[in-house]
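Me: I'm new to this structure and would like a close look at one part of it. Could you pick a residue that a database record flags and walk me through its surroundings?

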Amino acid sequence: MGSLYIRNGKNIDGQPLEVLLEDGKIKEIASQLRNVDADLEINLHNKSYISPGWIDDHVHCYEKLSLYYDDPDKVGYQTGVTTLIDAGSTGSDNVGDFYRLARKKKTNVYAMLNIAKTGILAQNELGDLNKIQLEPFAGAVFKYPDFIIGMKARISKSVVVDNGIKPMILAKQIQAKLPKLPLMVHVGSNPPELEGILDLLEKGDILTHCFNGKKNGILNADGKIKEFVFKAVEKGIIFDIGHGTDSFNFHTAEVAKENHLYPQSLSTDIYHKNREEGPVYNMATCIEKMLYLGFSLTEIIPMITSVPATNFGLKTKGRLIEGLDADVTIFNVEDGKKKLTDSDGYTKETDTIIRPLYSIIGGKIYSLGEKHGSL
């Protein structure tokens with residue numbers, strides 16, 4: 001596979017950083033490497049940041065669906081994201097086909113298995129409780145243990161229809177009977193109520209769409225954070241952005257930050273439509289929104305590297321450590337004006353642009369120019 005020397009870069013603290021990649025792994029890392037003999041070299045001229053490969057832990061990239069779908073490489077390596085975790089697009093019925101398609105992509109792809117065996121063939125996949133079955137779910141998990149790394153339940157009115165909290169209860173029962181899989185729960189319109197959902201979640205479970213602007217979100221009618229939300233944080237529930245078309249609100253995020261309620265992970269909930277038409281577009285845009293909110297680069301980059309790697313048990317990814325996978329994202333932080341739009345149409349203007357330059361996956365480098373070609 002050969003070796004790659006990345007020189008004259010900097011880490012997210014702005015300190016000098018150089019990295020040597022060899023045979024798909026991180027061979028050596030230091031502020032300055034000496035006597036390096038590599039097959040290929042990239043000189044960043046002290047201008048660009050070197051970070052662990054970005055991980056997006058909430059996407060929809062099973063291409064055969066009709067609602068939420070995309071090409072993994074279009075939302076993956078072509079945008080600086082080296083690892084994707086699909087959030088429940090498929091269930092036990094179709095995850096095998098998704099696995100076969102995903103293995104053909106340049107981007108690393110993993111899956112959370114939908115508790116409904118059909119996955120998201122229709123918006124209301126949890127309207128029929130007969131679609132939630134332990135045996136086929138467990139069978140898929142044991143057949144694809146290196147692909148299925150979590151489970152997903154979409155618990156909002158349009159998905160559960162008249163079943164309320166019942167699908168959530170069944171999800172927790174399935175989780176308890178299998179080797180520990182993190183459960184990500186989508187929340188939105190009620191019923192069921194957010195408080196009831198958070199009551200059922202446990203430490204290590206993930207609440208996505210945490211800063212949506214809906215009535216069933218984290219804010220009261222008076223604009224204050226609901227008390228039970230703080231209790232959920234104390235319990236160890238992970239708050240994930242999950243931007244999406246309808247699920248990120250600047251005001252909600254601002255109130256949360258003012259009250260020291262911080263997201264642990266940043267994800268896009270991207271699929272073809274909100275990639276092409278917005279308001280998501282790509283991970284870089286989501287990073288720009290977090291910077292606008294006042295988070296620093298040193299706070300944000302772990303949200304898309306080490307934190308999701310830990311949450312989903314990706315032990316060889318998410319960190320720049322010798323011996324781990326040679327997954328790296330190289331990017332610039334540039335001055336420039338840009339309008340940022342949230343899911344409810346509110347806009348902000350930023351003067352900081354995030355520009356990914358290279359995605360490196362397993363030591364293979366891809367330049368993020370118009371052609372998205374491999375060097």
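**A close look at Lys152**

Reply: Happy to. Keep in mind that this is a predicted model. Let's start with Lys152, which sits in strand 9, the stretch covering residues 148–155. The UniProt record, an unreviewed entry, marks Lys152 with the feature "modified residue: N6-carboxylysine".

Is Lys152 buried or exposed? It's buried, because its relative accessibility is just 1% and the cut-off for buried is under 20%. So who's around it? Setting aside residues up to four places away in sequence, Lys152 touches three histidines, namely His58, His60 and His186. Also in touch with Lys152 are Ala87, Gly88, Met112, Leu113, Asn114, Ile115, Leu183 and Met184. Ala87 comes up again in a polar contact: the Lys152 side chain reaches the backbone oxygen of Ala87 at 3.1 Å.

For another buried spot, take Thr329 in strand 13 (residues 328–341). Its relative accessible area is 0%, and its side chain reaches the backbone oxygen of Gly80 at 2.7 Å. Beyond four places in sequence, the contacts of Thr329 include Tyr49, Trp54, Thr82 and Tyr358.

What about the cysteines? Cys61 is buried, at 1% relative accessible area, and its sulfur is 15 Å from the closest cysteine sulfur, in Cys286, so that is too far for a bond. Cys210 is buried as well, at 1%. Its closest cysteine sulfur is also in Cys286, at 12 Å, again too far for a bond. With a disulfide needing sulfur atoms within 2.5 Å, the count comes to zero.

Notes:
Residues numbered from 1 in each chain as written. Predicted model: local features only at pLDDT ≥ 70, side-chain atom pairs only at ≥ 80, totals over all residues. Heavy atoms only, no water. Helix = DSSP H or I, 4+ residues; strand = E, 2+ residues; numbered from the N terminus. Buried < 20%, exposed > 50% of the residue type's maximum accessible area, 1.4 Å probe, protein only. Polar contact = N/O pair within 3.5 Å; in protein donor to acceptor, adjacent residues only side chain to side chain. Contact = heavy atoms within 4.5 Å. UniProt positions renumbered as here; feature names shortened; annotations may be inferred.
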